[in-house]
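Hi,

Here is the structure I promised to pass on to you. Please have a look at it first, and then read on for my notes.

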Amino acid sequence: MATILETGNHIGQNGDGRQRRTCAERFVQQVGAALSGQSPFKPVSFLKADQLQAWLDEFPDHAGRGSGLADLSIIHDWQRLCDQNAGRRVYIWSLDDHLSGYDQPARL
């Protein structure tokens, strides 16, 4: 979910209005395809209050290393997906060095 929100923020803040609109329309199509199961990507569930509180408890240490709350949520989702998909490769696709190292090979 953090990736969808962050990407939407970047789209809304870059380029001229025509470029933003064109990019936003493509983004809506891609997210819609993911929501309907027509994409290799899948949006993950929203947090419950107790999960968010646990993440908030971790956040000061995480922020001290120069990373935001959205990144922390991505790392937690990655770990959950690793636990659910032991037989599959699970990785965070990112150009951010602090996220791109999260890569679990398929375990047999």
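Below is what I found, going from the overall layout to single residues.

**Overall layout**

Please keep in mind that this is a predicted model. The protein chain has five helices and two strands, and along the sequence they come in the order α-α-α-α-β-α-β. If you are setting up a box, the C-alpha trace spans about 45 × 35 × 30 Å along its principal axes.

Of the 108 residues in the protein chain, 21% count as buried. The chain exposes about 8,100 Å², and 55% of that area comes from carbon and sulfur atoms. Looking at contacts with a separation of 6 or more, residues 24 or more positions apart account for 28% of them.

On the charge side, the protein chain carries 11 positive and 13 negative charges, and the mean positions of the two sets lie 10 Å apart.

**Cysteines**

How many disulfides does the structure hold? The count is zero, so there is no disulfide to define in your topology. Two cysteines are still worth a look for their surroundings. Cys 82 is buried, at 0% relative accessible area, while Cys 23 has 26% relative accessibility and counts as partly exposed. The cut-off for buried is under 20%, so Cys 23 falls outside that class.

**The nonpolar core**

In soluble globular proteins, nonpolar side chains tend to be buried together. Here the largest nonpolar core is made up of nine residues: Ala 2, Ala 70, Ile 74, Ile 75, Trp 78, Cys 82, Val 90, Ile 92 and Leu 99. Which element gives the most to this core? That is helix α4, residues 69-84, with five residues.

Two members of the core show how parts of the chain meet there. Ile 75 lies in helix α4 and is buried, with a relative accessible area of 14%. Setting aside residues up to four places away in sequence, Ile 75 touches His 62, Ile 92, Leu 99 and Tyr 102. Leu 99 is 24 residues from Ile 75 along the chain, yet their C-alpha atoms are separated by 7.6 Å.

Val 90 is the other one I would point you to. Beyond its neighbours within four places in sequence, Val 90 is in contact with Trp 78, Leu 81, Cys 82, Asn 85, Tyr 102, Asp 103 and Gln 104. Trp 78 and Cys 82 in that list belong to the nonpolar core as well.

**Helix α3 and its partners**

His 62 sits in helix α3. Is His 62 buried or exposed? With a relative accessible area of 7%, His 62 is buried. Apart from neighbours within four places in sequence, its contacts are Ser 67, Gly 68, Asp 71, Leu 72 and Ile 75, so if you assign protonation states, these are the residues within the 4.5 Å contact cut-off.

Glu 58 is also found in helix α3, but Glu 58 is partly exposed, at 36% relative accessible area. Its contacts, again not counting residues up to four places away, are Leu 72 and His 76. Asp 71 is 13 residues away from Glu 58 along the chain, and the C-alpha atoms of this pair are separated by 12 Å. Leu 72 is thus touched by Glu 58 and is in contact with His 62 too.

**Two exposed residues**

Phe 41 is placed in the loop between α2 (17-35) and α3 (49-64). Its relative accessible area is 60%, and because exposed means over 50%, Phe 41 counts as exposed. Gln 79 lies 38 residues from Phe 41 along the chain, with 16 Å between their C-alpha atoms.

Pro 105 belongs to the segment after β2 (103-104) and is exposed as well, with 54% relative accessibility. Leaving out neighbours within four places in sequence, Pro 105 is in contact with Ala 86, Arg 88 and Arg 89. From Pro 105 to Arg 26 the distance is 31 Å, C-alpha to C-alpha, with their positions 79 residues apart in sequence.

That is my tour of the model. Happy to talk it through whenever suits you.

Best wishes

Definitions and conventions. Residues numbered from 1 in each chain as written. Predicted model: local features only at pLDDT ≥ 70, side-chain atom pairs only at ≥ 80, totals over all residues. Heavy atoms only, no water. Disulfide = S-S within 2.5 Å. Buried < 20%, exposed > 50% of the residue type's maximum accessible area, 1.4 Å probe, protein only. Core = buried A, V, L, I, M, F, W, Y, C linked by side-chain atoms within 4.5 Å. Helix = DSSP H or I, 4+ residues; strand = E, 2+ residues; numbered from the N terminus. Areas by Shrake-Rupley, 256 points an atom, 1.4 Å probe, with all protein chains shown as cover. Lys, Arg positive; Asp, Glu negative; His and termini not counted. Charge placed at Lys NZ, Arg CZ, Asp CG, Glu CD.
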